[in-house]
Every structure is written in C-alpha cells, then in structure tokens.
Amino acid sequence: MVFSSHVLSLNYYYYFFAWLIDIGVMSGAMMFIKEDLKISDVQVEILVGVLNLYCLVGSFAGGRVSDWIGRRYTIVVANAIFFAGSVLMGLSPNYALLMFGRFVAGIAVGFGVVTGLLYSAEISPASSRGFLTSFTEVSINFGILLGYVSNYAFSKLPTNIGWRLMLGVGAIPTVFLAIVVLIMPESPRWLVMQGRLGEAMRVLEKTLEDKEEAELRLSDIKEAAGIPQDCTDDVVEVQKKTHGEGVWRELLLHPTPAVRHVLICIVGVHFFQQSSGIDAVVLYSPRIFEKAGITSSSGKLLATVAVGFVKTIFILVATFLLDRIGRRVLALSSVGGMVVSLATLGFSLTIINHSETKLTWALGLCMAMVMAFVASFSIGMGPIAGIYTSEILPLRLRAQGMSIGVAINRVTSGVISMTFISLYEAMTIGGAFFLFAGIAAVGWVFLYTCMPETRGKTLEEMEWLFGRWKWLGLDKEDKKMKIKDVTLTEPSNGVGNTSTSI
C-alpha cells in the first residue's frame, strides 16, 4: 500500500490545524478575548459556536465542488480559504472582524471535513479503512491537545497579543499542505465516475495488495457507477458525468428503502455524537473546572491540557480497534460509557453547587468524570461518526450524503456551543450534564436499533446491508431464504421424499 502514508499525512495536516484553531485554541483564547475586547457571555457563546454554522456553507459547497473538480483539488481550495480566515482572525482589531474571520475559516473547515473523509474512505482498502479513516480524528485530537498547550504557553504574553497569536498561527501549515496535496493520487472512485478508468486502475494498483485485487475492485466500482464491464479503454464516455446532478432528488425525495435507512443512520449518528455534549466539555472545560473549584487561570488551563491528553490517547486506541472489534460494538460501548460518566459528572457538580465549602472528593470525581467522558467518546463515537458516514453511502450519493452528515453534525455542535453558558445558568451546570446523559441514553437505543456492522465490507457491498434490518432478526426475506435452504438440504426420510418441511 504505497500511498497509505500519504493518506495519513494529508488528513493529519489538514485536520490537525483546522481543528486546532476551532476547538483547542478557542477554548482558552475565549477568556482573553473576552477580557481584551470587553464582550459579554452571549457574544462569547456566539463567537465560539458560530463557526459550526458557517461550516454549513462549506460542507454543502464542498460536496458539490469535490464532485466537480475532484477530492484532491477541493482540499487545496479549502486550505487557501483557511489561510485567509486564520490571517483575518489573527489580525482582528475588533469583534466584528473577528467574526468575519470565523466565517471564512468555517467555510474552509466545512470543505475539509467533507472532502477529507470522502478521500480517505475512497482510497483506503476495506481491510484497513477504519484504521486509515480514523486518523482524521487522531489529527483533530492531537490538534486540540496542542491547542490547549499553546494556550498555556501564550497565556504568559500580554492579553492583546496572546490570543491573536493563538488564532493566527494556523495560517502557516496550510501553505505546506497545499504543496503536499499535489503529490497525492486522486480518488479512484471519482476517476471512474468521470470515465477515467486507466488512471483509476493505476491508483488502485498502488493502494491495494496486488493487480488481481485492483482489477476486482475496479470491476465493483464500474458496476456501482453504471459503466458496462466490457468497457476497458483508459478513457470511456460516461452517459451522464456525475457532478452532483439529481443526487438530492434521489437522497431526499425518492430514496430506496436502503438509501432511506442509510440517511436515517447518518442523521442519527451525527446528531447524537454532538448532542451528548462533547463540545460543551471540550470548549468550555475551563469554565467547568472553575465551577468544580479550580480558581487560577493556569490551573484551569493545565486541567484542560489533561483533558486533551486523555482524548488523544483513547482515539489512538480506537484506531487499532475499529477494524478488529467493529463499528457497532465500539459505538454501543462508547455511548454506554458516556451515559455513566455524564450522569456522574452531573451528580458531582450538583453536590459542589450546593456545598458552601470546597469538597476535594467532589472536585476529584468531577475531573475524573470529565476524563472518563472524553475517553469514552474518543474510543467510539468520536471516530465512528465520520468513518461510518463515509463508507455506507452508495458511490453516486456519497459526496452530497456526506454533506448532509456534516451539516447535521455542525448545526448540532453549533447549537450546543452557542447555548451552553445560557443553559447551565438556566438549569445549573449539573442539570445540563444530566440532560446530556439523557440524550446519550436515547442515542444508545438508536444505535442498537438502526446501526448494522460494516467492518470488512467494501464500499460497493454496503447497500446490501441496509433496508433489511438483518442484524435485529427482522429481515423476512432472509428468514424465508434460510427456511428454504434448510428444507432443500434436509436428508431424505426414505419414503421417496427429497425434503422435509420445517
């Protein structure tokens, strides 16, 4: 797999720096921005969470653009936009220009999230797709961790300089990534959709184990794209080149049972990933630790670094488990752990809130549950939402379907980020985490009911898993086939019968 390391490096750099700016840095920078620009808590909420809403523009545009110019060059466009957004945020003299910089960066993040996951899933072999695609989440978490560390380092500078450096430094790596992406191969599935079979075959030969496997995979992709198997020229005419035309109609207005099931899974997985409060913990961890009893700025930032460290370690563990244990088992175990840790965190914060003295045990329990929550999230729901979405969509619907998933994810994240302070002021911070625990419990039921296992399946085999509810024993057609098979294979009773009724 010659290009596996290239796949990793591409995702590593983009997600590393995009999310470093969005989550890691902003969690600490908001304290200094509020002090320097004299803004209110409501303005802080909007500043923190609004980038997720700006992502909508980028995610929907990114899916269409990636179908038009290819996955690779769409990532180049995303980096150019992100460079501009980082510079604007770093040089912002006031709140209005800072918000505009967030808007530009948000478009870039939307582009990158959709296209990066698409690219990873489409170029990775089925046997290691979970491992390779999950490295996007590793990059995000490592970026968050370094964002936390940089917050601590830059906090020693004058307030009006420190937060600007935190936000502006993200412009530097985008230049290097724009150069790196030019040596990357294009997605073979996108090439087939454009009729460029010769180029697709050369990419598959470099990313798979041998030529026979590459030929088999090319045959599967041609079938999924509606190209006859007897077309063997390097470039063939495709009746209708796919730039996204008609996809929305097939996704939303006239879906097949399988596509409808896929769409339900995408919406549900992304909604429950974010509505369980992960961004509230990651973005507002300094405030949570302040409520728990840590008063110094350096103490709160150091505790936040510990959160980032735990999150990164457990996402690394997840990369090795996804292709061994499977998506479904990891997701259910992850959400179960999230429910328990969120409920216990709510309990500890409620005890602290009602106590007039500092309770060391409650503070320790609070910190432990924050760590347990991010660990549970990172080992399952963190990487699985993106991986699952990118692999279950049919080829013809993949880019726009990914856009829907990213849109749900970012809107939910934006709502949580923009309302968390108001929420805990209205119902106490302990009550807010009890609410998140309840949402996560509903999410567990959803995943158990709707989510089939996809481990080891090729992207072209996915459509057969959906719309049949086979893993719950609800597939009537499958039951009939099993009865028929048993009937035909039952030994003769010696009276001339060739089968025995069950």
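This report describes the fold, the salt bridges and a nonpolar surface patch of one protein chain. The structure is a predicted model.

## Overall fold

The chain contains 22 helices and zero strands. Of its 502 residues, 56% are buried. Among the contacts in the chain with a separation of 6 or more, 81% join residues that lie 24 or more positions apart. The accessible surface amounts to about 20,100 Å², and carbon and sulfur atoms account for 65% of that area.

## Helix α20

Helix α20 runs over residues 398-427 and has 30 residues. At 1.5 Å a residue, a helix of this kind should span 44 Å, and the end C-alpha atoms of α20 are 40 Å apart, which agrees with the expected value. The helix also bends, by about 55°, at Thr419. Just after α20 comes Thr428, a residue with a positive phi of about 70°.

## Salt bridges

Side chains of opposite charge can pair when their charged atoms come close. The structure holds seven salt bridges. Three of the pairs are listed here, each with the distance between nitrogen and oxygen.

| Pair | N to O distance |
|---|---|
| Lys34 and Asp41 | 2.7 Å |
| Glu199 and Arg196 | 2.9 Å |
| Lys300 and Glu290 | 3.5 Å |

The pair of Lys34 and Asp41 belongs to a network of salt bridges that also includes Arg287. Lys34 has a relative accessible area of 30% and is therefore partly exposed. Asp41, at 23% relative accessibility, likewise counts as partly exposed.

In the pair of Glu199 and Arg196, Glu199 is partly exposed at 31% relative accessibility. Arg196 has a relative accessible area of 27%, so Arg196 is partly exposed.

The side chains of Lys300 and Glu290 also meet in a salt bridge. This pair links distant parts of the chain: Lys300 lies in helix α16 (residues 297-321), Glu290 lies in helix α15 (residues 285-292), and the two are ten residues apart. Lys300 is buried, with a relative accessible area of 6%. The cut-off behind this label is a relative accessible area under 20%. Glu290, in contrast, is partly exposed, with a relative accessible area of 44%.

## A nonpolar surface patch

A nonpolar patch of about 750 Å² is found on the surface. It is made by Phe83, Val87, Leu91, Val169, Ile172, Val175, Phe176 and Ile179. Two elements give two or more residues to the patch, namely α3 (71-90) and α8 (171-180). The largest share comes from α8, which supplies four residues.

Val169 is one of the patch residues, and its place is the loop between α7 (159-168) and α8. With a relative accessible area of 38%, Val169 is partly exposed. Patch residues need over 30% relative accessible area, and the 38% of Val169 is therefore in keeping with its place in the patch.

## Summary

The predicted model shows a chain of 22 helices and zero strands. Helix α20 bends by about 55° at Thr419. Seven salt bridges are present, including a network of Lys34, Asp41 and Arg287. The nonpolar patch covers about 750 Å², with its largest share coming from α8.

Conventions
Residues are numbered from 1 along each chain as its sequence is written. This is a predicted model: local features need pLDDT of at least 70, side-chain atom pairs count only at pLDDT 80 or more; totals for chains, interfaces and linings use all residues. Side-chain values use heavy atoms; hydrogens and water are left out. The expected span of a helix is 1.5 Å times one less than its number of residues. The bend at a residue is the angle between axes fitted to the seven residues ending there and the seven starting there. A salt bridge is a side-chain nitrogen of Lys or Arg within 4 Å of a carboxyl oxygen of Asp or Glu. Buried means under 20% relative accessible area, exposed over 50%, partly exposed in between (1.4 Å probe, protein chains only). Contact means heavy atoms within 4.5 Å. Accessible areas come from the Shrake-Rupley method with a 1.4 Å probe; for residues, only the protein chains shown count as cover. Patches are made of residues with over 30% relative accessible area and no salt bridge: like charges are joined within 9 Å, nonpolar side chains (Val, Leu, Ile, Met, Phe, Trp, Tyr) within 5 Å.
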